[in-house]
Amino acid sequence: MAFIQIPKGWHLPDHAVTPEHMYMNRRRFMQAMGIAGASTILGAGCAIAEDEFVVEVPPSLPGLYPAARNEKYTVTRELTREKVAARYNNFYEFTTNKGKVHELTDKFEVHPWQIEISGFVEKSGTYDLDDLLKRFPLEERVYRFRCVEAWAMTVPWTGFPMKALIDYVQPTSAAKYVRMVTFHRPEQAPGIKAQSWYPWPYFEGLTMAEATNELTLLATGIYGHAMPKQHGAPIRLVAPWKYGFKSIKSIVKIEFTKQQPPTFWNELAPAEYDFWANVNPDVPHPRWSQATERLIGTMARVPTQRYNGYGEYVAHLYG
Ligand code: MTE
């Protein structure tokens, strides 16, 4: 993969590139100067004109949202404000500019949506997401979410355990891993063409034990409604003990494999993003510390926890 250019957006974590107080100073400067368009400033964009920003929610089957919250999965941290999370996105298929993803998703069609199930599995085939949503009851779970770039959010996801789908499609005993793939529609997602050096479509993987862990969610909603496009509509993974890049968005394929599948970021920069990507404050990224994280939408920086605080659920998977 020598032709692949290592992505600029990940050379430094966002806070190292522009600390939030500097965004804020720039915001004040722009307000003082009466400069329009300040709402597009990265990061602090979340705090700018929050009232005017409307989170666009794609239509969904009636009666799905809001789903009842499963109180087992709540956290003591304050929820990230919805309008902050909805304007601070990593979705490179659209752009590497976190504050602009939501502005570039108009052409992205998220309904109807099919998922192809293949590989070592009894019930392979193409499934309509609406049919899956009639089969698997949705629940809401509040999880911490930690990006490898050292920012974090706390959001209420709505979805169903990936285990429910896996039990339904019945992988064979040969299946040891799950490989997942994102949509590939250059005409709907401008970042695909604009950044042709990436090995699109985005792909990720988990072991079967990880995929069937009780925490692993296939999320179709957030904040009590269907998933906005910028968060990975209409269905994405959420594996909260892993760095956010494992939580692949807008999934169109799930394949059961014998071999560990390659993963997008590991192919691009193997020394920086490993297959496992379990949150670990003691192992710095080669270019920045992972000891602390910035809670988006606030000035707070807090210590990072091993497995993002989910060790009781997952530590046994890793010996
Ligand atoms: N999935 C796809 N298909 N494309 C991406 O660029 N970015 C990942 C992950 N899933 C990404 C993706 C990264 S790096 C993070 S941190 C999370 O999505 C961000 O999710 P959010 O925008 O909902 O906060």
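On a 1 Å grid over the protein atoms alone, a cavity is a set of points where a 1.4 Å probe fits but cannot get out, and its lining residues have an atom within 4 Å of a point. This is a predicted model, in which local features need pLDDT of at least 70 and side-chain atom pairs count only at pLDDT 80 or more, while totals for chains, interfaces and linings use all residues. Residues are numbered from 1 along each chain as its sequence is written, and side-chain values use heavy atoms, with hydrogens and water left out.

**Exercise 1.** Describe the largest cavity and state what takes up its space.

*Solution.* Begin with the volume, the space filled by probe spheres set on the grid points, which are joined across faces, edges and corners; for the largest cavity this is about 280 Å³. Next, consider the lining, whose 21 residues include N90, F91, G244, F245 and K249 as the closest to the centre. Finally, the space of this cavity is the one taken by the ligand.

**Exercise 2.** Find the side chains whose N or O atoms lie 2.8 Å from a ligand atom.

*Solution.* For a nitrogen atom of the ligand, the partner at 2.8 Å is in the side chain of E93. For an oxygen atom of the ligand, the partner at 2.8 Å belongs to the side chain of H231.

**Exercise 3.** Characterise the second largest cavity by its volume and lining.

*Solution.* The volume is about 160 Å³. Its lining has 17 residues, and P59, S60, L129, A226 and P234 lie nearest the centre.

How values were computed. A polar contact is a pair of N or O atoms within 3.5 Å; within protein, one must be able to donate a hydrogen and the other to accept it, and residues adjacent in sequence count only if both atoms are side-chain atoms. On a 1 Å grid over the protein atoms alone, a cavity is a set of points where a 1.4 Å probe fits but cannot get out, and a pocket is an open set with protein on both sides within 12 Å along at least five of seven lines; lining residues have an atom within 4 Å of a point. A molecule sits in a cavity or pocket if more than half of its atoms lie within 2 Å of its grid points.
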